[in-house]
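Trainee: I have a new model on my screen and would like to learn how to read it. Could we go through a few features together?

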Amino acid sequence: EGPAELLADTYNQQPAILAASVAVLRAVRADLPAPSRLAGHSLGEYAALVASGALGYADGLRLVRERGRLMRQAGLERPGSMAAVLGLADDVVEAACADIDEVQVANYNAPGQVVISGAAGAVQRAVASLMASGATRIVPLPITIAAHSALMAPATAAFAAVVSAVPLVDACLPVVGNVDAVPLTRVDDIRSELTRQLTSSVRWTESVREMVRAGVREFYEVGPGTVLSGLVKRILKAEGVEGALVRALGEPD
């Protein structure tokens, strides 16, 4: 019931998104085919871990609440910004970031769509460089936290302690991790993934490619919105995959 700025605070937003994702999962799971892979984008990885049986829902809520608190605290200590870059190859964006301190690729969302993250001034310089390199569009994100960048490093140690204390079991289904885009099932690998994810890029494009290589041809987005379905369709098109089914289940059919 608002206010919007309180709901949008990452401390509240993260558990709210997890709750919405698990609600959709519980509503539709019995009607879906048995999955062979699970994956989530950034925060969505926690919903994937709940779906895999590795992480309990209540523990997941507590975990993402603390994740949000520590990310907010790190953002206050080292404010930053993020921007979506459209129309450039990944290596062009990587090269531009490599030439500027305190900025990096945060999300590899789809071919021709990445997000950069870092110190506000560094992001501004990278934006100017990328526009000169031919970006079709660059969209600043309404956020002061430089997620998935080195600016989140102050949160890493504290969050690692939280992750090490939360109960986890081996996943019943492989979860394709954001950091290395490989299937994860073992508890130790999951704990490492969640800690490293704070400062590492979300390799969503490669995660979808890994699922394609494993033979996946049906993709269901379980959560609030349709963004990931759109990204999956773009990735499949770039890979030349035809006839795949991609559906967002958090929206009316």
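Trainee: Let me start with two helices: how do the axes of H4 and H7 cross, and at roughly what angle?

Mentor: Keep in mind that this is a predicted model. To read a helix pair, look at the axes and the angle between their N-to-C directions. Here the axes of helix H4 (residues 57-77) and helix H7 (residues 153-165) come within 9 Å and cross at roughly 165 degrees. Angles over 145 degrees count as roughly antiparallel, so H4 is roughly antiparallel to H7. The crossing of H4 and H7 is right-handed.

Trainee: Which residues of H4 and H7 meet?

Mentor: From H4, the residues are Leu63, Glu66, Arg67, Leu70, Ala74 and Glu77. They meet Pro154, Ala155, Ala158, Phe159, Val162 and Val163 of H7.

Trainee: Now the sheet. In what order do the four strands of the open sheet stand?

Mentor: For a sheet, find the order of the strands and then how they pair. The order in this open sheet is S3-S4-S2-S5, with antiparallel pairing. Strand S3 (103-110) and strand S5 (137-140) each have a single partner strand, so they stand at the edges, and one side of each has no neighbour in the sheet. From one strand to the next, the twist averages 25 degrees.

Trainee: How many bridges join S2 to S5?

Mentor: Four bridges link strand S2 (residues 80-86) with S5, and the two run antiparallel. Val85 is opposite Ile138 in S5.

Trainee: Which strands does helix H5 lie across?

Mentor: Helix H5 (residues 90-98) lies across S2, S3 and strand S4 (113-119), at about 165 degrees to S3. H10 lies across S3 and S4, and runs at about 80 degrees to S3.

Trainee: Ile116 is in strand S4. Is Ile116 buried or exposed?

Mentor: Buried means under 20% relative accessible area. Ile116 has 0%, so it is buried.

Trainee: And how do S8 and S9 run, parallel or antiparallel?

Mentor: Strand S8 (residues 218-221) and strand S9 (residues 245-248) run parallel, joined by four bridges. To get from S8 to S9, the chain passes through helix H10 (residues 227-239), making a right-handed β-α-β crossover. The bridge partner of Tyr220 in S9 is Arg247.

Trainee: Which residues of S8 are on the covered face?

Mentor: Compare the two faces of the strand. Phe219 and Glu221 are on the covered face of S8, while Glu218 and Tyr220 are on the uncovered one.

Technical notes. Residues are numbered from 1 along each chain as its sequence is written. This is a predicted model: local features need pLDDT of at least 70, side-chain atom pairs count only at pLDDT 80 or more; totals for chains, interfaces and linings use all residues. Side-chain values use heavy atoms; hydrogens and water are left out. Buried means under 20% relative accessible area, exposed over 50%, partly exposed in between (1.4 Å probe, protein chains only). Two strands pair if DSSP finds at least two bridges between them. A crossover is right-handed if, with the strands pointing away from the viewer, the path from the first strand over the helix to the second runs clockwise. Axes are lines fitted to C-alpha atoms, for helices over the stretch in contact, and angles run from 0 to 180 degrees between N-to-C directions. Angles under 35 degrees count as roughly parallel, over 145 as roughly antiparallel, 65 to 115 as roughly perpendicular and the rest as oblique. A crossing is left-handed if the near helix is turned anticlockwise from the far one by less than a right angle, and right-handed if clockwise. Contact means heavy atoms within 4.5 Å.
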